[in-house]
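Hi,

Here is the structure I promised to pass on. Have a look at it first, and my notes follow underneath.

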Amino acid sequence: MFFQNTSDWLEFDKNHLWHPYTSMTEPLPTYPVESAHGVKLKLADGRELIDGMSSWWAAIHGYNHPVLNAAVQHQLQLMSHIMFGGLTHLPAVTLAKKLIDMAAEPLQHVFLADSGSVAVEVAIKMAIQYWYAQGKVQKQKLLTVRNGYHGDTLGGMSVCDPVNGMHKMFQGVLPEHFFVDAPTCSIDGSNNINAVEEQLKLHQHEIAAIIIEPLVQGAGGMRFYCIEYLQQLRVLCDEYDVLLILDEIATGFGRTGTLFAYEQADIVPDILCLGKALTGGYMTLAATMTTAKVVQGISADGVGVLMHGPTFMANPLACQVANASIDLLLASPWEKMIKKIEAQLQDELSICQELSIVEEVRIKGAIGVVELKESVDMKAMQASFVKEGVWIRPFNKLVYIMPPYIIQANDLTTLTGAMYKVLKRLAA
Ligand SMILES: *Cc1c(COP(=O)(O)O)cnc(C)c1O
């Protein structure tokens, strides 16, 4: 045994392990989890927390699900991993078939990547290679909106919000792309898409693709925008000869009320990125899907190999649990479940609007966001939520939940109740 007790290994964690976006010299407190089951995280001291985060959009079926456990165990007996170069396996092929069946008909080709960020890198490479193979070598830039989030690798970061994403620190290292303001939509249906057209007019010859999170901007601000904006984006991409990359890593697999958010706008992207909930939160896996047009384009110069191939590409364990997770989702009344969560969030979170510290409450599908007027003290608020028996992780001005789809009404009430209680105390 390395460690005598929990506080012993927590201390080692604090001194030696980086957590997401933390300082090693001034670490934030972390809570030790012993196990997780259904919608509950069990802490080392025996306390149970109702999970409002789905481990960052991923654990849509909850934790320790017998069907997903069985899928991993079954695959483990056969093989946990083999290289994908020159070899193939049924879990990957089955997953590709399922994704192709679920996604819009033109999306017929699948690249299985090992994380969301890598799926975005692959999408960017696809777009650049598409134009390169056709002799349009200047088309290497991307156009995107502010407040976006597309991952932490350098390519993904380069299209994240320049301020949130700390582009200044990485100046000269990050490729520089074109940005317009985040989508704003008013009730009368008008929006600020004009800014996109202006950029396309000026820089069309340099732009390979537009990349955007459809309808919901996740980690870059939990902002929602309208379907008209997406529809107009699709039209502009066609008009100005630019590919459309939709990053559904957060929104995919039902979260916004449809399997994929783009369905609500009735459009089809040229390239689609998926991740997070793909394996029901069990393992790291992501996918980049594209159309025959893009595939043909990449190979137009006769060379045409897509320049990517990670060591753990299409990991069989991850593919098999993804297959089981998709089957579970599609066999469940997921649309009803999301609608029910949405209605309950409307009922129970709207009251937060009355608090003086609250800027806006917004709800879409199984996502509930309370935006405050000022940034919160994350450490203190985190501790308050744990005291209330819930796991909610605020950041900046945002206190938000996206619970597992299987959450029961009483547990969801505990989550929303804790949000109101903690915010009310803060407002007092
Ligand atoms: C989380 C996320 C990513 C990055 O995925 P990782 O698996 O963390 O690399 C990219 N895009 C969006 C929209 C995301 O929400």
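**What I found**

Let me start in the middle of a sheet: Cys273 has Thr288 of strand 12 as its bridge partner. That contact belongs to the pairing of strand 11 (residues 271-274) with strand 12 (residues 286-291), which is antiparallel over 4 bridges. Strands here count as paired if DSSP finds at least two bridges between them, and the elements are DSSP runs numbered from the N terminus (helices are H or I with at least four residues, strands E with at least two).

Before going on, the small print. This is a predicted model, with local features needing pLDDT of at least 70 and side-chain atom pairs counting only at pLDDT 80 or more, while totals for chains, interfaces and linings use all residues. Residues are numbered from 1 along each chain as its sequence is written, and side-chain values use heavy atoms, with hydrogens and water left out.

**The seven-stranded sheet**

The sheet in question is open, has 7 strands in the order 4-12-11-10-7-5-6, and its pairing is mixed. Strand 4 (107-113) and strand 6 (178-180) are at the edges with a single partner strand each, so one side of each has no neighbour in the sheet. From one strand to the next, the twist averages 20° (axes are lines fitted to C-alpha atoms, for helices over the stretch in contact, and angles between N-to-C directions run from 0 to 180 degrees).

Strand 5 (141-145) pairs with strand 7 in the parallel sense over 3 bridges, and 3 bridges also join strand 5 to strand 6, again parallel. Leu143 shows up in both: its bridge partner is Ile210 in strand 7 and Phe178 in strand 6. Strand 5 is largely enclosed by the rest of the structure, because 4 of its 5 residues are buried (buried is under 20% relative accessible area, exposed over 50%, partly exposed in between, with a 1.4 Å probe and protein chains only).

**Helix 5 and its aromatics**

Helix 5 packs on this sheet, with strand 4, strand 5, strand 7, strand 10, strand 11 and strand 12 among its contacts (heavy atoms within 4.5 Å), and its direction makes about 25° with that of strand 12. Since 14 of its 17 residues are buried, helix 5 is largely enclosed too.

Tyr130 and Trp131 are both buried. Their rings form an edge-to-face pair, 4.8 Å centre to centre with 80° between the planes. For pairs, ring centres of Phe, Tyr and Trp (its six-membered ring) must lie within 6.5 Å; planes under 30 degrees apart are stacked, over 60 edge-to-face, and the rest tilted. Trp131 also has the charged end of Lys139 over its ring, 4.5 Å from the centre (the rule being NZ of Lys or CZ of Arg within 6 Å of the ring centre and within 35 degrees of the ring normal).

**The three-stranded sheet**

There is also an open antiparallel sheet of 3 strands, ordered 13-14-16. Strand 13 (358-364) and strand 16 (398-401) are its edge strands, each pairing on one side only, and the twist averages 10° from one strand to the next. Strand 14 (residues 367-372) meets strand 16 over 4 bridges, with Ile401 of strand 16 as the bridge partner of Gly368.

Helix 12 (residues 334-349) lies across strand 13, strand 14 and strand 16, at about 160° to strand 13. Helix 14 (residues 409-427) lies across strand 14 and strand 16, at about 170° to strand 16.

Cheers
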